[in-house]
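Reader: I would like to learn how to read a sheet and its surroundings in a model. Please start with the strands and work outwards.

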Amino acid sequence: MDHRTGTSRRTFVAGVAATTGAVAVGAVAPGAAPAVAAEPSAPQSVAVLGGGVAGLTAAHELAERGFRVTVYERRALGGKARSMDVPDSARGTRRPLPAEHGFRFIPGIYHNLPDTMRRIPFPGNANGVWDNLVAPAEMSFARTGREDLRIPLPWPGHRPAELTLDEIRAALTALLDTARSIPLHEAAYFVNRFLVFLTSCDERRDETWERTPWWEFLRAERMSYDYQRILAVGLTRNIVATKAEEASTRTVATLLEAFTFNALGRGADGPLDRILNLPTNEAWIDPWVAHLTSLGVEFRVGWTVRELVHDSGSGRIGAVVIDDPQGVRRSVTTDHYVSAMPVEHARRTWGAALRAADPQLARCDKLETDWMTGIQFYLTEHAPLLAGHANCIDSPWSLTAIQQARHWPSRDFPADYGDGAAVDCLSVDISEWDRPGILYGKTAKQCTRTEVAREVWAQLKAAFNDTGRTVLKDSALHSWFLDPGVDGLGTPNPTNEDQLLVHPVGTFHNRPKAATRIPNLFLAGDYVAVDIDLATMEGANASARQAVNALLDRTGSAAARCTVRPLFRAPELEGLKRHDRLRHRLGLRNALDVG
């Protein structure tokens with residue numbers, strides 16, 4: 001933000017977008033004919049519907065290939081990935097306090113998103129925005145009433161010469177040994193179950209393990225409390241907001257597999273855990289929008305997509321109906337359309353005719369979303385927590401948290417943000433909204449916004465102030481900010497504008513492809529089928545690349561296709577997977593599966 005004018009680049013771009021456009025736009029009465037498409041000789045135009053990570057990625061790839069791109073975003077560029085200003089929090093020349101939907105986490109298993117980040121210029125950075133990634137030194141499982149499990153996160157920076165099952169076994173056993181309260185036989189059993197998945201063929205993963213809940217796969221119901229909380233719940237509810245009793249084993253174990261290889265230095269873009277060294281918009285989103293603007297991308301912020309109109313005669317999208325910032329309904333016609341909205345918003349824009357034209361759109365109704373929402377606490381004293389993420393595994397609301405100011409070395413937090421009194425920001429994700437808390441005995445949805453803040457603060461104190469230390473002090477709490485996408489808390493009908501795709505069993509089979517049967521419609525978003533089977537920024541980025549490639553194929557473009565890099569597959573395990581494929585086809589268990 002420019003403090004002399006109080007105007008951010010996002011505001012400037014939004015203002016420009018309100019008066020310019022790359023496609024035909026006109027106010028229409030209901031049922032009126034859409035505007036005429038561009039002449040074939042003109043550069044082909046694309047309307048990208050949604051300005052989150054998927055939409056901005058699609059715009060980036062298309063603009064680099066000479067397409068005229070207009071991005072339509074109903075609220076703010078960056079979507080769930082953006083940071084935002086706390087209203088009325090700035091004093092003097094300081095910036096407003098930084099807030100966010102949830103803290104950013106960009107692990108080394110990501111490859112497509114980091115590639116995009118390297119192509120976004122940032123002053124003083126040789127590798128663009130990618131150089132703004134920093135690696136926390138540790139993580140912890142914060143246990144209520146017991147010592148926390150603090151785990152260092154070294155990054156060896158080299159690839160081991162070999163990778164055998166014994167090496168994997170040793171790494172997993174060493175990690176689980178830190179959780180001393182998990183009985184040894186249970187730790188060994190978990191390692192065996194994970195080895196079963198590692199050596200399972202793709203067919204067994206897609207069929208058997210996709211339909212097996214993680215809780216059942218781990219036999220968690222007969223194990224100890226710590227086994228259940230750390231290995232079953234801690235890897236599902238706290239990380240991906242899905243209940244362990246429902247979560248697909250394929251999804252959870254694929255993520256764990258990727259993280260294991262990452263920790264071993266195999267197939268990784270960087271360290272296991274990476275975050276940004278500035279608030280997200282400063283470090284990434286604002287430079288991205290500026291770069292896309294320089295490539296000719298136009299942005300229309302405050303425009304809400306209502307319907308994609310299917311032309312039964314041509315089988316194409318004839319127009320998209322959009323409300324402009326003044327609420328005037330308009331019809332937008334262009335050559336191609338990339339729907340890059342979250343699934344809960346995108347599927348509202350698909351009418352019966354469109355769903356009939358491509359059944360995979362109708363199957364998206366079976367995809368499920370849940371709440372995973374952030375709250376920030378601003379502190380007047382630095383709390384001695386840890387240099388990384390904390391997973392509060394015993395908290396009823398499945399809290400995860402990180403102190404942010406210590407990771408922003410170029411910022412003097414009290415000098416740069418707010419009123420000068422706050423020295424740090426403790427950013428917390430709430431993953432469980434339907435379980436009673438410890439303070440009011442109510443679920444998060446039943447609480448008011450103030451009660452949510454007080455309840456989260458109480459659960460954090462229970463996790464951190466429980467072993468003779470006072471880590472979080474009431475006297476140090478300056479203020480808090482809860483994601484504005486959450487509304488109606490404490491009423492019978494609470495709503496959340498920014499939900500998270502969750503992964504109960506069977507989800508994999510209902511995720512659509514980026515290419516649809518409609519010739520000029522393509523899908524991008526973290527719900528689209530990509531190699532990383534999880535709702536992530538990486539998935540959003542990869543799906544947008546696939547959408548652009550499908551568009552290039554449909555148009556016969558000679559432009560280079562986007563690189564879409566899959567998750568790492570250890571070549572040493574491929575022979576074992578081939579053996580398992582034969583066993584699977586014969587109806588036999590995996591060779592390591594002892595039940």
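**Reading a sheet**

Author: Begin with strand order and direction. In this predicted model, 5 strands form an open sheet in the order E10-E3-E2-E14-E24, and their pairing is parallel.

Reader: Which strands stand at the edges?

Author: Look for strands with a single partner. Here these are E10 (298-301) and E24 (521-523); each has a single partner strand, so one side of each is left without a neighbour in the sheet. From one strand to the next, the twist averages 20 degrees.

Reader: How many bridges join strand E2 to strand E14?

Author: Pairing is read bridge by bridge. Strand E2 (residues 45-49) and strand E14 (residues 336-339) run parallel and are joined by 4 bridges. To find the register, take one facing pair: Ala47 stands opposite Tyr337 in E14.

Reader: Which strands does helix H17 lie across?

Author: For a helix on a sheet, note the strands it crosses and its direction. Helix H17 (residues 537-555) lies across E2, E14 and E24. Relative to E24, H17 runs at about 160 degrees.

Reader: How many helices and strands does the protein have?

Author: The whole protein comes to 18 helices and 24 strands. Of its 595 residues, 57% are buried.

Reader: What share of the contacts between residues at least 6 apart in sequence join residues at least 24 apart?

Author: Sequence separation is the thing to read. For this protein the share is 72%.

Reader: And which atoms supply 53% of the exposed area?

Author: Carbon and sulfur atoms supply that part of the about 23100 Å² that the protein exposes.

Methods:
Residues numbered from 1 in each chain as written. Predicted model: local features only at pLDDT ≥ 70, side-chain atom pairs only at ≥ 80, totals over all residues. Heavy atoms only, no water. Helix = DSSP H or I, 4+ residues; strand = E, 2+ residues; numbered from the N terminus. Buried < 20%, exposed > 50% of the residue type's maximum accessible area, 1.4 Å probe, protein only. Contact = heavy atoms within 4.5 Å. Areas by Shrake-Rupley, 256 points an atom, 1.4 Å probe, with all protein chains shown as cover. Pairing = 2+ DSSP bridges. Axes fitted to C-alpha atoms, helices over the stretch in contact; angles between N-to-C directions.
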